[in-house]
Amino acid sequence: MEVGPTRRVENLAEARKAVEINAAGRVVMPGFVDSHTHLAFPPPASGELGTEGAARALRATNGQRLETRARGYLQAMARHGTTTVEVKTGCGPDESAELKILRVLSALERDPLEVVPTFLFRLPPVSGNGFHAEADWVFRELMPKIRRRRLARFADIAWEGDPERLDCLVRCLEVARTLGFASKVHADLPGSQAAVTAAVGHFASTIDHLEHAHPSEACLLAGSCTMATLLPCVSFHSGAGNAPARALIDAGVAVALATNFNPAHTPTLNMQTVVALACLRMAMTPAEAICAATINGAHALGRADRTGSLEPGKTADLLLLDVSDYRELARRFGTNLVHMTMKRGEFIYKEGAVARREDRRHNPPVGQSAGPAVAPDSSRSLLRR
Ligand SMILES: [Zn+2]
């Protein structure tokens with residue numbers, strides 16, 4: 001991607017065959033990086049099952065069905081402006097289910113979004129003294145296998161807030177680091193302080209959720225290399241409190257925003273909604289929220305060298321929004337403002353037109369009219385690398 005004043009960009013050799021896109025009156029911004037989702041989870045029909053039931057349903061689903069469903073969600077994300085997405089596993093210590101999800105995720109990579117797979121491990125309760133046999137097996141067998149096959153870059157450890165499992169959390173962070181995983185900690189329950197301390201002490205890339213964190217925990221994260229990934233849609237859907245975004249940012253903590261999209265429990269995949277909620281309910285400014293949803297999300301996934309901002313040398317992952325001022329994103333809650341989504345310099349989504357009466361008369365719709373669709377389009381663009 002090249003960025004710069006019109007004259008300089010027009011004089012580049014690559015500009016000669018480029019297609020010009022008129023963005024007058026529209027906001028051009030980086031594509032959203034959704035750095036925390038549970039997209040592989042079962043749809044609402046099994047929503048009453050809870051985490052264990054959902055994991056069971058996921059184990060019973062075949063890879064083909066899983067892939068078809070996930071592809072539909074990824075396409076909906078593209079229509080709402082997401083260009084890179086992280087997806088977690090989380091089927092419990094079940095090797096074939098975890099590997100099935102990771103294989104599906106690698107099949108979905110780059111079609112059309114960049115998919116970053118994460119191995120999610122829920123710490124089992126400790127039985128007797130010492131480690132649980134299940135955890136031990138995950139550390140000795142499953143995690144090395146996932147790493148050897150390069151199926152996931154991140155290991156995310158779900159912290160249940162149970163002090164008895166703290167040793168297991170720490171051990172998991174150590175194992176992840178030894179194996180070469182970058183680690184994340186899932187802290188969505190009360191008692192997050194121990195998880196924050198462990199994450200910082202073991203150089204975790206991010207600690208996520210923090211809906212129950214106290215503002216005073218911000219000082220534990222400040223100055224560390226661990227980012228906080230906040231998920232305002234979780235609080236919106238569950239009625240839980242919001243993460244202390246203001247305290248974190250004011251203390252100097254790097255904050256990323258993501259959806260936590262889970263078809264059953266957090267059914268919002270629109271990062272524009274995340275930005276609006278962060279402004280409306282967590283007192284973030286539109287500029288802070290947009291940075292958190294783009295470049296900081298890219299940092300949270302270790303992809304900031306190639307995406308998350310409009311800079312020369314990065315891939316052209318960008319959006320055209322149907323607003324003339326970026327601050328509108330904070331106000332226009334619930335409306336898809338994306339006019340066009342571009343991934344690696346190619347359109348993956350263009351807003352469709354609504355048929356007028358005379359169009360319908362000459363061109364009667366057959367069944368369902370074809371709405372806007374994600375269609376890989378190889379149109380050249382001035383912004384393509
Ligand atoms: Zn989550």
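**Surface**

I began with the exposed surface of the protein. The total comes to about 17,000 Å². Carbon and sulfur atoms supply 50% of that area. I note here that the model is predicted. I then asked what share of the residues is buried. Of the 385 residues, 50% count as buried.

**Charges**

Next I looked up the charges. I find 45 positive and 41 negative ones. Their mean positions lie 6 Å apart.

**Overall dimensions**

I checked the radius of gyration against the globule rule. For 385 residues, a compact globule would have a value near 21 Å. The protein has 21 Å, so the two agree. I also took the box along the principal axes. The C-alpha atoms fill roughly 75 × 45 × 40 Å.

**Secondary structure and contacts**

I listed the elements: 14 helices and 12 strands. Then I turned to contacts between residues at least 6 apart in sequence. Of these, 73% join residues at least 24 apart.

**Zinc site**

Which residues coordinate the zinc ion? I find four histidines, H36, H38, H186 and H209, each through NE2. N260 joins them through OD1. The distances run from 2.1 to 2.4 Å. Along the chain I wrote the donor spacing as H-x1-H-x147-H-x22-H-x50-N. I followed H209 and N260 further, as this pair links distant parts of the chain. H209 sits in strand β7, residues 206-209. N260 sits in the loop between β9 (255-257) and α11 (271-282). The two are 51 residues apart.

Are these two donors buried or exposed? The cut-off for buried is under 20% relative accessible area. H209 has 3% relative accessibility, so I count H209 as buried. N260 has 5%, so N260 also counts as buried.

**L166**

My last stop was L166. I found L166 in helix α6, which spans residues 166-179. How accessible is L166? Its relative accessible area is 27%. Partly exposed covers the range between the 20% and 50% cut-offs. L166 is therefore partly exposed.

I looked for its contacts next, leaving out residues up to four places away in sequence. L166 touches W159 and A194. I also took the distance from L166 to G72, 94 residues away along the chain. Their C-alpha atoms are separated by 38 Å.

Notes
Residues are numbered from 1 along each chain as its sequence is written. This is a predicted model: local features need pLDDT of at least 70, side-chain atom pairs count only at pLDDT 80 or more; totals for chains, interfaces and linings use all residues. Side-chain values use heavy atoms; hydrogens and water are left out. Helices (H or I, at least four residues) and strands (E, at least two) are DSSP runs, numbered from the N terminus. The radius of gyration is taken over C-alpha atoms; the globule rule is 2.2 Å times the number of residues to the power 0.38. Buried means under 20% relative accessible area, exposed over 50%, partly exposed in between (1.4 Å probe, protein chains only). Contact means heavy atoms within 4.5 Å. Accessible areas come from the Shrake-Rupley method with a 1.4 Å probe; for residues, only the protein chains shown count as cover. Lys and Arg count as positive and Asp and Glu as negative; His and the chain ends are not counted. The place of a charge is taken as NZ of Lys, CZ of Arg, CG of Asp or CD of Glu. Donors are N, O and S atoms within 2.8 Å of the metal (3.2 Å for Na, K and Ca); water is not among the atoms, so sites may look incomplete.
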